[in-house]
Amino acid sequence: MEKIRVYGEQKVNGKVHISGAKNAALPLLAAAILSEEGLTLKNVPPLSDISTMIALLETLGVECTVSSVGDYSETVTCKTDSIDNFTAPYTIVKKMRASILVLGPLLARFGHCSVSLPGGCAIGVRPIDLHLKGLMAMGAEVDLKDGYVQAKAQKGLKGTEFEFPISTVTGTENLLMAAVMADGETVLKNAAREPEIVDLANCLKKMGARIEGEGTSEIRVVGVPRLRHAEHSVLVDRIEAGTYAVAAAITKGQVDLIGGNFRKLLPTFIEKMEECSLIFEDIPNGLQAKYAGEIRPIDFQTEPFPGFPTDLQAQTMALLCLAGGKSVIDEKIWENRFMHVAELARMGANISVSGSQATVCGVDHLVGAPVMATDLRASFSLVLAGLAAKGNTLVDRVYHLNRGYCCAEKKLADCGVRVDRIK
Ligand code: EPU
């Protein structure tokens with residue numbers, strides 16, 4: 001199994017080109033199913049989760065062509081007039097829960113499908129009840145049989161009003177994709193507002209969908225009979241950008257984050273990082289993050305957009321391990337997203353967890369150690385801790401990192417620090 005060796009006491013100083021967002025590219029790939037004319041996606045990040053989604057589309061009969069554009073980006077062309085299988089099998093879905101995103105598009109275009117239930121994962125139980133309730137409100141018949149969601153809408157989906165009791169990102173995306181070809185108007189209330197949903201809506205509009213209100217908590221969709229081919233460039237990855245900003249803070253360095261409007265994409269994270277340890281300056285096509293001279297303790301809670309993203313919680317915790325005082329982190333999205341705490345403790349961190357709250361008491365320094373990645377974001381938090389630690393750190397279970405961080409060692413090298421991948 002691959003490992004990453006992180007050499008300690010390094011300083012980030014350089015420029016990193018931020019890739020397209022995994023969590024935007026996954027629903028966009030699923031959206032290809034909606035049109036028989038196919039979809040071309042640019043700025044797709046080369047990641048194992050993207051390969052998993054492409055494998056799923058190919059199982060359904062989509063012909064995908066992938067071509068590299070430099071090291072950090074791919075163009076994926078999906079030919080979708082030959083879809084002849086309507087089952088998303090457990091063998092693929094169990095690898096990646098976002099596979100559930102094919103449910104809405106398959107049902108919208110073909111009126112029936114069968115998608116394996118994803119099950120839980122390291123960060124939480126991850127139910128999909130709201131995806132199913134929303135589809136049922138649109139007239140779908142849904143059965144759970146042999147571990148599969150079997151969904152039918154023989155007379156097509158009907159526009160409806162559906163209010164999400166809690167904010168769900170992929171739930172909103174699934175219902176949005178289901179609604180674009182439903183009969184009549186759909187109103188999604190308490191919809192998630194993440195920028196990746198706005199990106200999906202923008203692409204669907206290029207395909208001919210009629211959508212208003214994306215990015216607000218009320219999305220209105222008027223169904224159209226069919227969608228056409230479109231070409232779309234995937235939104236930049238705000239979580240990757242935030243992760244490299246933390247790398248600058250924890251190593252007392254600086255980094256130019258290139259490729260997007262990160263102030264708009266990470267408003268609360270930037271505010272908190274300013275309070276903690278970074279100075280931000282606008283630069284052409286990006287943002288510079290520079291160590292401000294000390295790491296101050298901060299309190300924050302993770303929340304849906306525009307709040308502090310849960311996908312940056314683990315990385316920020318690594319930073320706060322070295323703050324001059326006590327920080328409190330409240331994880332409000334996932335019930336089990338503190339698995340990295342035990343690994344950071346192996347490096348000398350002082351963290352205690354009680355329910356959804358982690359109290360991090362800053363220590364003078366961390367010490368390199370063999371550690372284990374427990375989920376995607378946790379994996380990079382250990383790399384960050386390792387860059388600042390005294391001595392070397394060996395991060396095991398690197399396959400978690402490959403799911404969501406494109407060419408991590410190359411990008412870290414671009415900003416002046418060395419990590420080695422060990423086969
Ligand atoms: N929830 C339900 N019922 C549902 C759906 C969600 O109870 O039907 C609950 C979840 O259990 C959770 C909360 O609602 O407690 C929010 O979950 P959400 O559905 O928003 O999460 P998701 O759509 O499964 C996406 C990202 C995650 C990110 C979360 C929160 C993708 C592919 N995944 O997951 O990304 O943490 O939103 O922002 O977009 C990651 O990239 O590392 C990652 C885990």
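In this predicted model, an oxygen atom of the ligand is 2.8 Å from an N or O atom in the side chain of Arg 377. Taken alone, the ligand exposes 840 Å², of which the protein buries 86%. The ligand sits in the largest pocket, a space of about 1400 Å³. The points below treat the ligand, the two pockets and two backbone features in turn.

**The ligand and its surroundings**

- The shell around the ligand holds 22 residues, and those that come nearest are Asp 129, Thr 168, Thr 170, Asp 311 and Ile 333.
- Thr 168 also places a polar side-chain atom 2.7 Å from an oxygen atom of the ligand.
- Pro 127 contributes through its backbone, with an N or O atom lying 3.4 Å from an oxygen atom of the ligand.
- Helices H1, H5, H6 and H13 are the elements that give two or more residues to this shell.
- Among the elements, H5 gives the most to the shell, with three residues.
- By class, the shell divides into ten nonpolar, six polar and six charged residues.

**The largest pocket**

- The largest pocket, where the ligand sits, encloses about 1400 Å³ of space.
- Its lining is made up of 50 residues, and the closest to the pocket centre are Ile 123, Arg 126, Val 169, Ile 333 and Trp 334.
- Six helices give two or more residues to this lining: H1 (22–31), H5 (129–137), H6 (169–179), H8 (238–250), H13 (376–388) and H14 (399–404).
- The greatest contribution to the lining comes from H1, with four residues.
- The lining of the largest pocket comprises 23 nonpolar, nine polar and 18 charged residues.
- Ile 333 appears both among the residues closest to the centre of this pocket and among those that come nearest to the ligand.

**The second largest pocket**

- About 290 Å³ of space lies in the second largest pocket.
- A set of 16 residues lines the second largest pocket, and Ile 250, Lys 252, Leu 322, Asp 364 and Ala 388 are the closest to its centre.
- Seven nonpolar, four polar and five charged residues make up the lining of the second largest pocket.

**Backbone features**

- Most residues other than glycine have a negative phi, and most peptide bonds are trans.
- Phe 305 and Pro 306 are joined by a cis peptide bond, with omega about 10°.
- Pro 306 is placed in the loop between strand S18 (300–301) and helix H11 (313–320).
- Asn 190, a residue other than glycine, has a positive phi, near 55°.
- The loop that holds Asn 190 runs between strand S11 (185–189) and helix H7 (195–206).

Technical notes:
Residues are numbered from 1 along each chain as its sequence is written. This is a predicted model: local features need pLDDT of at least 70, side-chain atom pairs count only at pLDDT 80 or more; totals for chains, interfaces and linings use all residues. Side-chain values use heavy atoms; hydrogens and water are left out. On a 1 Å grid over the protein atoms alone, a cavity is a set of points where a 1.4 Å probe fits but cannot get out, and a pocket is an open set with protein on both sides within 12 Å along at least five of seven lines; lining residues have an atom within 4 Å of a point. Grid points are joined across faces, edges and corners, and a volume is the space filled by probe spheres set on the points. Ala, Val, Leu, Ile, Met, Phe, Trp, Tyr, Cys and Pro count as nonpolar, Asp, Glu, Lys and Arg as charged, and the others, Gly among them, as polar. A residue is near a molecule or strand if one of its heavy atoms lies within 4 Å of it. A polar contact is a pair of N or O atoms within 3.5 Å; within protein, one must be able to donate a hydrogen and the other to accept it, and residues adjacent in sequence count only if both atoms are side-chain atoms. Accessible areas come from the Shrake-Rupley method with a 1.4 Å probe; for residues, only the protein chains shown count as cover. A molecule sits in a cavity or pocket if more than half of its atoms lie within 2 Å of its grid points.
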